[in-house]
Amino acid sequence: MTTSAADARFMARALQLARRGLYTTDPNPRVGCVIVKDGKIIGEGWHVRAGEPHAEILALNQAGSHAHSAGVYLTLEPCCHHGRTPPCTQALIKAGVKRVVAAMRDPNPQVAGKGFKELEQQGITVAAGLMEAEAAALNPGFIQRMQHGRPYVRIKLAASLDGRTAMANGESKWITGDAARADVQKWRARSSAILTGVSTVLADDPSLTVRDMDTGRQPLRLVVDSTLRMPPTARMLRGKGRTLVVTASQDAARADSLKRAGAEVLVLSAAQQGIDLAALMRHLTLLEVNELLVEAGATLCGAMLKANLVDELVLYYAPHVMGGAERGMFALPPLARMADRASFEITDVRAVGQDWRMLMRVPR
């Protein structure tokens, strides 16, 4: 791949455009496109939401007939199959572009290099791999769902400096300040679904909705509830959006009561200690869940970590201590050796209002 400083500048702009779809494109990937001729940008576009035109189409529409013999900068390989919209490769070929620079290959098996090949067969020069890491960082869930058959899983926790997430009696409002709670809304907004446990529902009765942001959608709400203790009066069964209760119970009466209240009920086989979480992740892939945000107590968070299903932690630390008797972050069995510890890679630390936010990834 041969690229120039100008190529990098135009790709950076395409990445900037792609980020505009961070909260709206789900379940599609976030993609940006820039069309350039004689060193000047003549068309721009980004994918806004599923079912609407892709970034390439919007940029081509803006460029019009000037797109002939132009160069195209894309954050993702153009699609070559009929989905909710026609293939973008055909639109690029019809427009007569002469060169396509893409940040990365599409991990979707329906594309996966076929889009590049189709362009090359029509005499269009293709270069791939420019700013690939930056492009991949925009779509961790889409990539993981396509390559590994499960969502990208983040656990969000708010804790005191001594790692406590609630008082011994369950009280947890509020550990962190207003700015941190507002920041959480951004993580919710970019997620396909939010997962919690029935114990959290019984203790806090959360709505688990995106607030104060206009995204045009609400993430799917998921409740792990092995024995169907979820009350039909729960707040998350009211208002917009879907709520899916995941259970191992065969109690038809309780399930029907939840369904009448607006819930969907999914029965999965029980694992040794509750719901088979790996099976749940596979089911979420069928629902096109890209990014899953876990907002739950120590039991479910510990179970997800133990099952090796966690990719990232979003931890908010408040500047106070709560004491040793209060609830911790993860319910895990005691370790016999230091070598058995779960390890993470810190990727970002910053102040959010009066609190600190730390992002950590699980090394793979």
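1. A good place to begin is the contact between two helices, in which E56, I57 and L60 of helix 2 meet C88, A91, L92 and A95 of helix 3. By class, this contact of helix 2 with helix 3 has six nonpolar residues, one charged residue and no polar ones. The axes of helix 2 and helix 3 come within 9 Å and cross at roughly 20 degrees, and because angles under 35 degrees count as roughly parallel, helix 2 is described as roughly parallel to helix 3. The crossing of helix 2 past helix 3 is left-handed.

2. Before going further, the reader should keep in mind that this is a predicted model. The mean pLDDT of the protein is 90, and 95% of its residues reach 70 or more. Confidence in the protein is lowest in strand 11, residues 270-271, where the mean is 68, and highest in strand 13, residues 291-294, where the value is 98.

3. Helix 3, which spans residues 88-95, also has helix 4 beside it, with axes that come within 10 Å and cross at roughly 20 degrees; helix 3 and helix 4 are therefore roughly parallel to each other. The crossing of helix 3 and helix 4 is right-handed. On the side of helix 3 the residues concerned are T89, Q90, L92 and I93, and these meet G115, E118 and L119 in helix 4. The residues of this contact of helix 3 with helix 4 divide into three nonpolar, three polar and one charged.

4. Which order do the strands take in the five-stranded open sheet? The order is 2-1-3-4-5, and the pairing is mixed. The edge strands are strand 2, at residues 40-46, and strand 5, at residues 125-128, each of which pairs on one side only. Direction ignored, neighbouring strands of this sheet are turned by 15 degrees against each other on average.

5. The mixed pairing of the five-stranded sheet can be followed strand by strand. Strand 1, residues 32-37, and strand 3, residues 71-74, pair in the antiparallel sense over four bridges, and V34 stands opposite Y73 of strand 3. Strand 3 and strand 4 pair in the parallel sense, again over four bridges, with V72 standing opposite V100 in strand 4. Strand 4 and strand 5 likewise pair in the parallel sense over four bridges, and the bridge partner of A102 is A128 in strand 5.

6. Strand 1 and strand 3, which pair in the antiparallel sense, are both touched by a helix from the first point. Helix 2, residues 55-63, packs on the sheet and touches strand 1, strand 2 and strand 3, its direction making about 140 degrees with that of strand 2. Helix 4, residues 114-121, packs on the sheet too, touching strand 4 (99-102) and strand 5, and its direction makes about 150 degrees with that of strand 5.

7. A second open sheet is formed by nine strands, in the order 10-9-8-7-13-6-14-16-15, and its pairing is mixed. Strand 10 (264-267) and strand 15 (345-352) stand at the edges with a single partner strand each, so one side of each is left without a neighbour in the sheet. Neighbouring strands here are turned by 20 degrees against each other on average, direction ignored.

8. Within the nine-strand sheet, strand 6 (residues 152-160) and strand 14 (residues 312-318) run parallel and are joined by seven bridges, and A158 stands opposite Y316 in strand 14. Helix 7, residues 178-190, lies across strand 6, strand 7 (193-197), strand 13, strand 14, strand 15 and strand 16 (355-361), running at about 165 degrees to strand 14. Helix 10, residues 277-286, packs on the sheet as well, touching strand 6, strand 7, strand 8 (220-224), strand 9 (243-247), strand 10 and strand 13, with a direction that makes about 165 degrees with that of strand 8.

9. Two details of the backbone deserve a closer look. Most residues other than glycine have a negative phi, and most peptide bonds are trans. The peptide bond from D26 to P27, however, is cis, with omega near 10 degrees, and P27 has its place in the loop between helix 1 (5-18) and strand 1. The phi of A112 is near 40 degrees, a positive value in a residue other than glycine, and A112 belongs to the loop between strand 4 and helix 4.

Notes
Residues are numbered from 1 along each chain as its sequence is written. This is a predicted model: local features need pLDDT of at least 70, side-chain atom pairs count only at pLDDT 80 or more; totals for chains, interfaces and linings use all residues. Side-chain values use heavy atoms; hydrogens and water are left out. Two strands pair if DSSP finds at least two bridges between them. Axes are lines fitted to C-alpha atoms, for helices over the stretch in contact, and angles run from 0 to 180 degrees between N-to-C directions. Contact means heavy atoms within 4.5 Å. pLDDT is the predictor's confidence in each residue, from 0 to 100. Angles under 35 degrees count as roughly parallel, over 145 as roughly antiparallel, 65 to 115 as roughly perpendicular and the rest as oblique. A crossing is left-handed if the near helix is turned anticlockwise from the far one by less than a right angle, and right-handed if clockwise. Ala, Val, Leu, Ile, Met, Phe, Trp, Tyr, Cys and Pro count as nonpolar, Asp, Glu, Lys and Arg as charged, and the others, Gly among them, as polar.
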